[in-house]
Amino acid sequence: MPLVCRPWRLWHRATRFIIGSRKASWRRYILLAAFVVILIIIYLLIESYPRSIMRKVVADLSVAVLVRNHPPESVFRCGGDGGGKVRGPTGNATFHPHLPPPRSPENKLRDDPKVLVFTETQYSKTGKDIANILVANRINYKTEVLGRSLPGLTNLSRGKYGAVIFENFDRYLQLDPWNRELLDKYLKDYSVGMVGFMPVREDTRVGTKMKGLPLYIHTNMALKNVSLNSDNPLLHLTRAGGTIVGPVLNSDWTTFTIEDPTYIPIEWAYPSLTDFSEERQNTVVLDQGQLDGIPRVLFGANLEFWLHRLLFLDALSYLSLGRIPLALDRYILVDIDDIFVARKGIRMTTDDVMALLESQRRLQEMVPGWRFNLGFSGKYYQRGYPEENDGDKMLLDHVEDFWWFGHMWGHTQPHELTQDELEIQMQLNKEFAINHDIPTDSGYSIAPHHSGVYPVHEPLYTAWKKVWNVRVTSSEEYPHLYPARLRRGFIHRNIMVLPRLTCGLFTHTVFIDKYPGGRKVLDDSIHGGELFQSIVYNPISIYMTHLSNYGNDRLALYTFESVVKFVKCWTNLKLQTVPPLQLAEQYFHRFPDEADPIWGNPCADHRHMQIWAKEKSCDQLPKFLVIGPQKTGTTALYTFLAMHPAILANYPSPETFEEVQFFNGKNYYKGIDWYMKFFPVPANSSAKFLFEKSATYFEGDVVPRRVRALLPAAKLVITIISPSKRAYSWYHHMRAHSDHTALLYSFHQVITASDTAPRAVRSLRNKCLVPGMYARHIERWLNHFPSSQINIIDGEELRSDPVYVMNDLQRFLGIQPFYNYTEHLRFDKRKGFFCQVVGEDRTKCLGRGKGRIYPSMNESDVKYLKEFYQPYNIALEKLLTKLDYPVPSWLEEDLQ
Ligand code: A3P
């Protein structure tokens with residue numbers, strides 16, 4: 001039997017089946033040729049015929065592809081005033097502008113007060129929902145699992161919390177008298193209110209009296225037809241949009257019967273087993289605090305129900321007297337990222353373009369300034385079926401009706417391109433724009449797949465600035481795609497990066513009946529779900545959509561018209577659209593703290609790895625850092641470490657006295673590509689342990705957080721000597737560097753300088769004194785790193801017995817092979833310090849700047865500093881003991 005490949009054998013059998021003979025091989029060849037010709041004809045037909053004809057052909061053949069159903073229409077109608085009088089910005093009755101309750105804040109809260117959340121456990125569902133909503137709304141909070149004692153509520157007589165939440169309101173009612181009194185007093189003194197959620201109960205209670213409150217509760221209620229009482233002072237963000245017809249999610253709601261006129265129902269519903277005529281049940285109530293001075297909002301069910309999420313935000317604002325602010329302005333911008341990029345058959349026709357323009361006009365009536373923002377890759381223009389190509393042309397006929405931004409010419413991912421390639425690609429796209437009268441001055445652009453935006457590919461930023469003068473971009477990837485509520489913005493090299501939100505539409509979401517999970521998933525997202533909430537929670541929302549979402553079933557038009565109507569129905573939010581540049585300015589005006597980026601570790605996120613240049617590797621980042629502080633022997637430590645064959649120090653930086661000083665200063669803004677240049681590419685180095693020493697990292701406020709984000713597994717080495725001695729050494733260091741202030745002022749004048757002293761003196765004073773507050777700084781590092789990653793070295797021991805210290809350090813760092821420092825370090829009598837052995841009787845010591853000779857400190861200064869550092873030294877002693885370190889002899893002396 002001849003050796004024939006499998007397809008051929010199949011063909012052989014098939015033709016034999018049709019022809020019925022083994023021998024008629026010439027007929028077999030004719031059949032094969034005819035089959036190939038038919039395939040070519042079908043292909044040519046598909047390519048050349050208008051889509052409508054092909055669609056008919058395809059439909060006739062019952063091949064389910066290009067068939068378009070009737071696009072869904074947004075038919076949502078707002079239910080009106082919810083049974084009471086309502087007026088929001090678009091309504092027509094009385095709008096309550098969130099009247100403050102009759103309280104006045106006598107005692108002051110801290111600026112930007114937090115919310116205190118008492119949760120059942122760290123993992124409880126409602127507790128997590130509460131935390132997620134607070135994070136999404138950028139409200140600071142602290143969670144506390146209720147124990148025997150309450151957390152500290154004040155700091156230097158200022159209140160820490162603007163509202164208190166009980167995930168389970170029963171826990172508040174069951175507080176022991178001492179804690180209850182303490183908490184109530186705080187709430188009254190600082191005019192702070194409380195939100196409470198009724199727990200789900202095993203038993204069914206009918207009309208049980210609530211302890212100490214004029215309320216009766218009914219539990220395990222199955223309810224339907226929820227609506228809001230529009231006549232109450234709580235509604236600010238929330239608008240009484242009508243009745244939510246149908247049963248509620250769970251049948252375990254608690255309802256309230258009110259026994260006092262100062263309690264106001266906020267939300268109500270009807271028992272689901274009866275009809276509308278049955279007595280309505282209060283499901284959320286407001287206690288205005290007139291009976292005991294503590295206002296409360298009580299929820300009869302948790303936050304799974306979307307309307308409760310709105311009321312929850314309103315409650316926090318109301319109960320904190322607006323000190324937890326709740327702005328109503330919402331900016332919303334929709335990008336159509338790839339206006340010419342989609343395969344044939346799912347692109348836009350002229351009908352689709354007309355529909356887009358119509359929808360834009362309707363949206364403009366609801367959202368002032370609404371315009372779709374179209375991103376183009378010119379290479380794909382006119383790449384559809386003839387009627388789709390007409391759609392492309394029609395878009396350009398209406399060029400002035402939209403905003404435009406340049407994408408990449410060929411939709412290539414920037415991280416795969418070099419600087420030159422990027423510029424060429426952008427230039428091509430720009431020429432396309434100029435040739436087609438597309439505006440090129442929006443200052444906005446985005447990158448395919450977010451590539452190059454984050455993690456940053458510097459050539460992209462350079463090319464954007466050079467070719468397009470880009471000032472704004474947007475990405476879903478910073479700091480990570482998920483969870484979406486944590487996405488934030490940042491500014492890099494003067495380009496503002498906005499967090500981009502997902503609306504649930506992707507290139508492949510084309511037909512409503514093929515929507516992942518079914519149409520209900522999309523509708524739920526619009527009607528109170530994820531999409532709706534993203535507008536509520538984010539003052540500035542920029543959404544990504546694609547060409548395919550505007551052809552076919554035009555899902556984007558349906559989605560945005562529907563969600564805007566829903567937002568206007570159920571909230572008092574003021575929606576508007578502005579161009580990207582204004583949007584970004586608004587964003588960073590509102591969230592100035594976000595301007596500073598926090599560079600994360602690309603290797604910790606597989607999506608980031610996919611859009612990080614192939615030649616980059618996290619092995620080019622240090623494994624450990626010597627973080628200081630200055631003048632404690634860090635240079636000696638650095639030099640001794642660098643002697644080790646398995647350890648490699650950073651290349652010296654000419655700018656910052658050899659230290660890289662990345663995490664603490666302006667260098668951080670140069671990005672991680674800049675930082676990585678200080679370390680060898682792994683392929684070119686056999687050293688396994690890269691490290692750097694920057695002695696100013698120790699006391700930098702932002703440094704631990706930054707290091708944690710980029711080098712979460714890094715080990716950290718700290719050296720400490722007597723803080724007084726350190727201060728004095730620093731002062732002489734500055735004099736040796738001819739620092740004008742240090743030469744002009746005595747040590748005594750510097751360390752005793754008051755806050756009214758000249759700025760330069762205060763600055764020198766701080767640099768002398770602040771790093772020596774060791775405990776404070778070490779605690780800050782411990783907030784970000786476990787103690788197992790931190791090694792604290794006694795600098796005096798390093799000086800007197802470096803071999804012992806280096807051996808210990810090798811063990812801590814887990815470095816192999818073990819390096820025998822005994823043979824490589826020797827005490828040099830002339831220098832008075834240990835130095836590196838470089839020959840039989842030759843040593844290489846540190847330069848003149850290390851181990852300086854200067855007069856001893858005055859007794860009075862010694863005394864002054866001893867007193868100054870006493871509280872910090874006490875804390876240090878406690879901390880070292882807690883961390884299992886021996887107390888250095890200098891510390892014992894300082895504390896005597
Ligand atoms: P002085 O110059 O005041 O004596 P840093 O490198 O962190 O700036 O610290 C400098 C200090 O390191 C010096 O301060 C010196 O006391 C100390 N030191 C410890 N071991 C040393 C060594 N082997 N050679 C030189 N200086 C050393």
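This short presentation describes a ligand site, a pocket and one lysine in a single structure.

Good morning. Please keep in mind throughout that what we are looking at is a predicted model.

I begin with the ligand. Which residues surround the ligand most closely? The shell holds 18 residues, and the closest of them are T634, T635, S729, G851 and Y854. Sorted by class, this shell consists of 8 polar, 6 nonpolar and 4 charged residues.

Where do these residues come from? Two elements, helix α17 (634–642) and strand β29 (833–839), each contribute at least two residues to the shell. Of the shell, α17 provides the largest share, namely 4 residues.

Let us now consider individual atoms. At T634, a polar side-chain atom is placed 2.5 Å from an oxygen atom of the ligand. At G851, a polar backbone atom is 2.8 Å from a ligand oxygen atom. The backbone takes part at T632 as well, where an N or O atom lies 3.2 Å from an oxygen atom of the ligand. How much of the ligand's accessible area does the protein cover? On its own the ligand has 570 Å² of accessible area, and the protein covers 93% of that.

I turn next to empty space in the protein. Rolling a probe the size of a water molecule over the atoms reveals where such space remains. The second largest pocket contains about 1400 Å³ of space. Its lining is made up of 43 residues, and those nearest the centre of the pocket are R138, R488, F591, D593 and E594. Two elements give two or more residues to this lining: β1 (109–119) and α19 (703–710). The largest share comes from α19, with 4 residues. By class, the lining of this second largest pocket has 23 nonpolar, 12 charged and 8 polar residues.

Finally, I would like to look at one residue, K767. This lysine belongs to helix α23, which runs over residues 759–769. Is K767 buried, partly exposed or exposed? The relative accessible area of K767 is 46%. Buried requires a value under 20% and exposed a value over 50%, with partly exposed in between. K767 is therefore partly exposed, because its value of 46% falls between those two limits. As for position in space, K767 and Y731 are 36 residues apart along the chain, and their C-alpha atoms are separated by 8.8 Å.

To close, I return to the ligand: α17 supplies 4 residues of its shell, and T634 is among the closest residues. Thank you for your attention.

Notes:
Residues are numbered from 1 along each chain as its sequence is written. This is a predicted model: local features need pLDDT of at least 70, side-chain atom pairs count only at pLDDT 80 or more; totals for chains, interfaces and linings use all residues. Side-chain values use heavy atoms; hydrogens and water are left out. A residue is near a molecule or strand if one of its heavy atoms lies within 4 Å of it. A polar contact is a pair of N or O atoms within 3.5 Å; within protein, one must be able to donate a hydrogen and the other to accept it, and residues adjacent in sequence count only if both atoms are side-chain atoms. Accessible areas come from the Shrake-Rupley method with a 1.4 Å probe; for residues, only the protein chains shown count as cover. Ala, Val, Leu, Ile, Met, Phe, Trp, Tyr, Cys and Pro count as nonpolar, Asp, Glu, Lys and Arg as charged, and the others, Gly among them, as polar. On a 1 Å grid over the protein atoms alone, a cavity is a set of points where a 1.4 Å probe fits but cannot get out, and a pocket is an open set with protein on both sides within 12 Å along at least five of seven lines; lining residues have an atom within 4 Å of a point. Grid points are joined across faces, edges and corners, and a volume is the space filled by probe spheres set on the points. Buried means under 20% relative accessible area, exposed over 50%, partly exposed in between (1.4 Å probe, protein chains only).
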